[in-house]
Every structure is written in C-alpha cells, then in structure tokens.
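Please open the structure in a viewer and keep the selection tool at hand. The tour below proceeds from one selection to the next.

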Amino acid sequence: MSGEQVFVSHAPGDLELVQDLFSTVKNFPFGVHIALEEIESGRSRARLEGRLANSDVVVAVLTERAATSQWINQETGYALAKGIPVLPLYDSEENRGGFIADVEGVAIDRENPSVTIFNLLCRLRSELAPLGALSVPNWYVRFPCTVSNCDHPVTLEIKRSQTKLWKLHQHGQTLSTTCANCGSQYYFDPGTIGYLRRE
C-alpha cells in the first residue's frame with residue numbers, strides 16, 4: 001500500500017467535520033485530497049478534477065448540508081461514471097440515495113468520533129487492499145522522530161486486523177514503535193491510529 005489516492009467530496013460547511021475525521025487518516029502513506037482544502041489552497045477546479053479522476057476511492061460525506069451541494073452530486077456522479085468506488089460517509093440514512101443508496105458505507109457518530117474514524121479506516125483498508133477475509137494488509141505510518149536533533153524516520157507497522165485493533169482500543173491498550181536512532185518510544189491509539197505520546 002502506497003501511492004493510492006483518496007478524494008473526499010463534502011459540503012463547504014462540513015470542512016471542520018471532515019478535517020477532524022481525516023486527521024489521522026492523512027498519516028497513512030496514501031494521498032488524501034479534501035475538496036475544499038484543494039480549492040482554498042489556490043488550486044483550480046481543473047486540477048481538482050484531475051485529483052478526482054486519479055483517485056482510487058471517493059469518500060462522499062453526506063450530511064444535511066451536503067443534500068443541497070451541487071459539487072457532491074457532480075463529484076460522486078463523475079466518480080461512478082469513471083468506475084471509481086464511492087464510499088458514503090453519512091449522518092443519516094436519509095442523506096443517502098441514488099446510485100450509492102445500497103453501497104456499504106460508514107455512519108458518522110458525532111458523539112464518538114473514534115468509532116467513525118475506526119470504521120472509516122476499516123472501509124478504506126478493504127477498498128485499498130482487498131486481500132481477502134483472512135489476510136491482513138500491512139499498513140504503516142511513517143514520521144520523523146520529534147526528539148531535538150534526531151528527526152530519524154520512525155515507522156509504526158500495523159499488522160493486526162481491524163477487529164484486533166478495536167479490541168486493543170476498548171481495553172485501553174496502545175500500539176507503539178521505537179526510533180532506531182535515539183530509542184524514543186511513540187504510542188498510538190489502536191482504534192484511530194492517533195498519536196498519544198512519546199517517552
């Protein structure tokens with residue numbers, strides 16, 4: 001897994017929600033392109049269309065605000081016409097419809113975003129690395145060591161299945177990795193793969 005591209009289609013008013021839900025997803029070695037971030041950074045609509053056309057998965061964030069967004073309808077329709085899988089991320093079943101009404105998606109739990117992020121990672125993992133029910137795609141997060149004067153690359157390998165990761169999360173356990181250069185240990189939440197601390 002590397003080099004895959006995920007395009008996130010959303011209503012402008014949902015940008016903060018999308019950024020919260022994708023904050024740890026962006027740490028994986030695949031591109032995550034959030035539509036409004038792309039536009040706000042000065043990129044043209046033509047470049048945004050290129051990002052969409054080259055995506056391996058399109059995540060359509062379907063909320064009440066999204067119901068009236070022409071961009072979500074166009075971006076989702078474009079993806080479907082090009083044969084790009086669309087993953088619905090939705091507030092309510094009422095917000096789903098059309099060609100993606102029956103596509104397996106992820107419900108947004110605003111009370112417990114960790115559950116949403118975990119389920120989103122599950123679906124992305126299966127879409128980007130469909131190796132069968134018993135296989136565990138090897139995912140990883142790579143980052144520079146944050147110890148002063150070190151910045152050696154550190155890799156957190158994620159070899160467990162999503163089910164096992166969630167059990168670790170529920171039992172308050174962590175994932176950890178060590179910097180091979182300075183020996184610093186980094187800890188992550190197994191449910192969201194969110195950074196917790198360094199020792």
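**Aromatic rings, a cavity and a loop**

Begin by selecting Phe188, which counts as buried because its relative accessibility is 5%, under the 20% limit for that class. The model on display is a predicted one.

Now add Tyr195 to the selection. Tyr195 is partly exposed, with a relative accessible area of 48%. A later stop returns to how these two rings face each other.

Widen the selection to Phe143 and Tyr186. Together with Phe188 and Tyr195, these residues form one aromatic cluster.

How many aromatic pairs are there? The count comes to six. One of them is formed by Phe28 and Phe30, whose ring centres lie 6.0 Å apart with the planes at 10°, so this pair is stacked. Select both residues: Phe28 is buried at 4% relative accessibility, and Phe30 is likewise buried, its relative accessible area being 5%. Return next to Phe188 and Tyr195, where the ring centres are 5.9 Å apart and the planes stand at 75°, so the pair is edge-to-face.

Select Tyr187 and Arg197 for a contact of another kind. The charged end of Arg197 sits over the ring of Tyr187, at 4.2 Å from the ring centre.

The next stop is an enclosed space. Rolling a probe the size of a water molecule over the atoms shows where empty space is left. The structure holds one cavity of 30 Å³ or more, and the volume of the largest cavity is about 30 Å³. To display its lining, select Phe28, Leu121, Arg125, Trp139, Ile158, Gln162, Leu165 and Ile193. Two elements, α5 (113-128) and α6 (162-170), each give two or more residues to this lining. By character, the lining residues of the largest cavity divide into six nonpolar, one polar and one charged. Phe28, already visited as a member of the stacked pair, is among the residues that line the cavity.

Finally, move to the loop between β6 (139-144) and β7 (153-158), and select Asn149 there. Is Asn149 buried or exposed? Asn149 counts as exposed, with 82% relative accessibility. The phi of Asn149 is near 65°, a positive value in a residue other than glycine.

Select Asp151, which is also found in the loop between β6 and β7. Asp151 has a positive phi of about 40°, although it is not a glycine. At 57% relative accessibility, Asp151 counts as exposed.

Terms used. Residues are numbered from 1 along each chain as its sequence is written. This is a predicted model: local features need pLDDT of at least 70, side-chain atom pairs count only at pLDDT 80 or more; totals for chains, interfaces and linings use all residues. Side-chain values use heavy atoms; hydrogens and water are left out. Rings of Phe, Tyr and Trp (its six-membered ring) pair if their centres lie within 6.5 Å; planes under 30 degrees apart count as stacked, over 60 as edge-to-face and the rest as tilted. Buried means under 20% relative accessible area, exposed over 50%, partly exposed in between (1.4 Å probe, protein chains only). A charge sits over a ring if NZ of Lys or CZ of Arg is within 6 Å of the ring centre and within 35 degrees of the ring normal. On a 1 Å grid over the protein atoms alone, a cavity is a set of points where a 1.4 Å probe fits but cannot get out, and a pocket is an open set with protein on both sides within 12 Å along at least five of seven lines; lining residues have an atom within 4 Å of a point. Grid points are joined across faces, edges and corners, and a volume is the space filled by probe spheres set on the points. Helices (H or I, at least four residues) and strands (E, at least two) are DSSP runs, numbered from the N terminus. Ala, Val, Leu, Ile, Met, Phe, Trp, Tyr, Cys and Pro count as nonpolar, Asp, Glu, Lys and Arg as charged, and the others, Gly among them, as polar.
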